[in-house]
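Student: Please take a close look at one part of this model, the open sheet and what packs around it. I would like one connected account.

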Amino acid sequence: MGCMTLFLIVWVSGWSMGCVGMLYRYFEPVAGEQAIPLFVLAFMWLADIGVAAFLIYFVFAKRTFRFVGRTLTFEVDVLGLKKTQEIYRDDIQQIKLIKDGGESDDSFPSWGVTLEQTGKKKVSLLFRQRLEVSTWLRDLLEAWRA
């Protein structure tokens, strides 16, 4: 996972410099050169912002789990922006350990934990972790649910 993060940091840095250069050329065209079309410039900037947002989430997201009585409070914090979700013990139908990576020859196996709730969509609590970490969380959730 560290190699992918390093690659994305280098890639998005180069892409961003290219976008700044294209923006400069758009507003200050060189005589004799054709101007860069606005839709190309917009596409390049949107792609840059999208990859940067993914990278920020991937690097800085912090997940917190709190068990308070019959409620599991699940919080994702990305640079101060928080999303909180409450999951009630009685609503949990199943806790699953899933394999979410490692299918090809050049990647490491990774695991995650999902919850299936009554009448609601699945909630992914953890993803792309070692088997030991995912198993630990699943066992902790099973013990809390019992």
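Tutor: Two strands count as paired if DSSP finds at least two bridges between them. The model is a predicted one. In it, Trp111 stands opposite Gln129 in β6. The strands β5 and β6 run antiparallel and are joined by four bridges.

These two strands belong to an open sheet of three strands, ordered β4-β5-β6, with antiparallel pairing. Both β4 and β6 are edge strands with a single partner strand each, so one side of each has no neighbour in the sheet. From one strand to the next, the twist averages 15 degrees.

A helix goes with this sheet. α3 lies across β4, β5 and β6, and runs at about 180 degrees to β4.

The strands and the helix also contribute to the largest nonpolar core, which has 15 residues. Within this core, Leu72, Ile87, Leu115, Leu125 and Leu141 touch the most other members. The elements that give two or more residues to the core are β2 (71-78), β4 (92-101), β5 (110-117), β6 (123-129) and α3 (131-145). Of these, β2 gives the most, with four residues.

Leu115 can be followed contact by contact. Leaving aside residues up to four places away in sequence, Leu115 touches Leu72, Ile87, Ile92, Gln94, Ile95, Lys122, Val123, Leu125 and Leu141. Its contacts thus include Leu72, Ile87, Leu125 and Leu141, the residues listed with Leu115 as touching the most other core members.

Note on methods
Residues numbered from 1 in each chain as written. Predicted model: local features only at pLDDT ≥ 70, side-chain atom pairs only at ≥ 80, totals over all residues. Heavy atoms only, no water. Core = buried A, V, L, I, M, F, W, Y, C linked by side-chain atoms within 4.5 Å. Buried < 20%, exposed > 50% of the residue type's maximum accessible area, 1.4 Å probe, protein only. Contact = heavy atoms within 4.5 Å. Axes fitted to C-alpha atoms, helices over the stretch in contact; angles between N-to-C directions.
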